[in-house]
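Q: Please choose one charged side chain and look closely at its surroundings, and then set it against the rest of the chain. A connected account would help more than a list.

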Amino acid sequence: MPGLFLYGLLVLVPIGWTVVLGFTDRNRFAPDTSWVGLDQFRRLLEDDQFWLVLRNTFVVTAIVVVVPNVLGLAIALLLDRDTLLYRLLRSVFFTPVILSGIVVSVIWQSMLRPDGVLNKVFGDVGWLSDPGIALYSISGILCWQMLGFCVVVYLAGLNGVPKELHEAAIVDGAGWWRRFRSVTWPMIASAVTINTVMLLISGFKVYEHVLVLTNGGPGRNTTASIAFDVIEKGVRGDRIGFAAAEATIMLCIIVALSGLVLRLLQRREVHL
């Protein structure tokens, strides 16, 4: 009961209050708050800026779900050794995960400056100033930060694969790819599910990276995510009711996508 009480107080109550605010015209500078029903949601769906930031968020999320998953599995297969060197490398890969998004963004911001390390290697590239590149730069940085999480989860899954199954497959003449496809891949299905859902949520709620690296630019909202747009409207723009409606839609999308992906991947686990 104490745990449920704290969860309700710190999680459910703020979520419920945000949903309620989405049906009002709440503004910190307005003397009164009026109930406007679905008006804020209607205005939001007619706002071109909302669809732009939603598109940006989907692009970032798609990249973050795919890239760390694939690279994380490949690196986990290489690090699946019980030696001091490989244990050290696991710690190195996991280090970015424990850093805050602000710290990671500041580090990469110094590397992506016109006189930064990457431009000395690749030439003059507008990593954060070119509207066609900046969104992918942010996606790449988030992939870099989440890569270690995927590696650790996949390593845990690989450690749970019985060695007897690999030995039996070797005796039957199965090569590396056949052993991976028929033994390893089915046995790490739960790790795939965990990583995919966590990456999906991480991509959808990206905020610190956008704030520090581009502040939504270059230009107008070319890299703004839906989480960034909610804070901009609610805190800086003082349109609390409008921002709450956008946050409610964001919550519904995350819950729907996470539930769908979780259901599909868990069904895949059963079939495997």
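A: Among the contacts that join residues at least 6 apart in sequence, 69% are between residues at least 24 apart. The model is a predicted one, and its chain holds 13 helices and zero strands. Of its 272 residues, 41% count as buried, and the C-alpha atoms fill a box of roughly 75 × 55 × 35 Å along the principal axes. About 15,000 Å² of the chain is exposed, with carbon and sulfur atoms supplying 68% of that area.

The charged side chain chosen here is that of K233, which is placed in helix α12, residues 226-236. K233 counts as buried because its relative accessibility is 5%, a value under the 20% cut-off for that class. Once the neighbours within four places in sequence are left aside, K233 is in contact with D47, Q49, D238, R239, F242, A243 and E246. One of these contacts, E246, is also a salt-bridge partner of K233, with the closest N and O atoms 3.8 Å apart. The pair links distant parts of the chain, since K233 belongs to helix α12 and E246 to helix α13 (residues 240-271), and the two are 13 residues apart. E246 is buried as well, because its relative accessibility is 0%.

Helix α12 holds a second salt bridge, in which E232 and R236 bring their closest N and O atoms to 3.1 Å. Here both residues lie within α12, four residues apart, or about one turn of the helix. E232 counts as partly exposed because its relative accessible area is 22%, while R236, at 51%, is therefore classed as exposed.

In total the chain has six salt bridges, and another of them joins the side chains of R42 and E46 at 3.4 Å from N to O. R42 is partly exposed, with a relative accessible area of 42%, and E46 is exposed at 55%. These two residues, together with D39, are linked in a network of salt bridges.

D47, one of the residues in contact with K233, also gives a sense of distance within the model: its C-alpha atom is separated by 47 Å from that of L89, although the two residues are 42 residues apart along the chain. L89 lies in helix α4, residues 84-98, and it counts as partly exposed because its relative accessibility is 30%.

Helix α4 is in turn among the elements that cover the buried residues of helix α5, the others including α6 (117-122), α7 (134-159) and α11 (208-213). In α5, which spans residues 101-111, the buried residues are G101, V104, S105 and W108. They cover an arc of only 95 degrees around the axis, so they fall on the same side of α5.

Aromatic side chains add further links, and the count comes to eleven aromatic pairs. F58 and F204 form an edge-to-face pair, with 5.3 Å from centre to centre and 90 degrees between the planes. Because F58 lies in helix α3 (residues 48-79) and F204 in helix α10 (residues 189-204), this pair ties together parts that are 146 residues apart in sequence. F58 is partly exposed at 39% relative accessibility, whereas F204, with a relative accessible area of 1%, is buried. W108 and W144 make another edge-to-face pair, 5.5 Å centre to centre with 75 degrees between the planes. Since W108 lies in α5 and W144 in α7, the parts tied together here are 36 residues apart in sequence. W108 is buried with a relative accessible area of 16%, and W144 is partly exposed at 33%. Separately, W176, W177, F180 and W185 form one aromatic cluster.

At the surface, F5, L6, L9, L10 and V13 form a nonpolar patch with about 520 Å² of accessible area together. One member of the patch, F5, lies in helix α1, residues 2-21, and is classed as exposed because its relative accessibility is 55%.

To return to the chosen side chain, K233 is a buried residue of low accessibility, at 5%, and its salt bridge is with E246, which is itself buried at 0%.

Notes. Residues numbered from 1 in each chain as written. Predicted model: local features only at pLDDT ≥ 70, side-chain atom pairs only at ≥ 80, totals over all residues. Heavy atoms only, no water. Buried < 20%, exposed > 50% of the residue type's maximum accessible area, 1.4 Å probe, protein only. Patch = residues over 30% accessible without salt bridge, like charges linked within 9 Å, V, L, I, M, F, W, Y side chains within 5 Å. Areas by Shrake-Rupley, 256 points an atom, 1.4 Å probe, with all protein chains shown as cover. Salt bridge = Lys/Arg side-chain N within 4 Å of Asp/Glu carboxyl O. Contact = heavy atoms within 4.5 Å. Arc of directions from axis to C-beta. Phe/Tyr/Trp six-rings, centres within 6.5 Å; stacked < 30°, edge-to-face > 60°.
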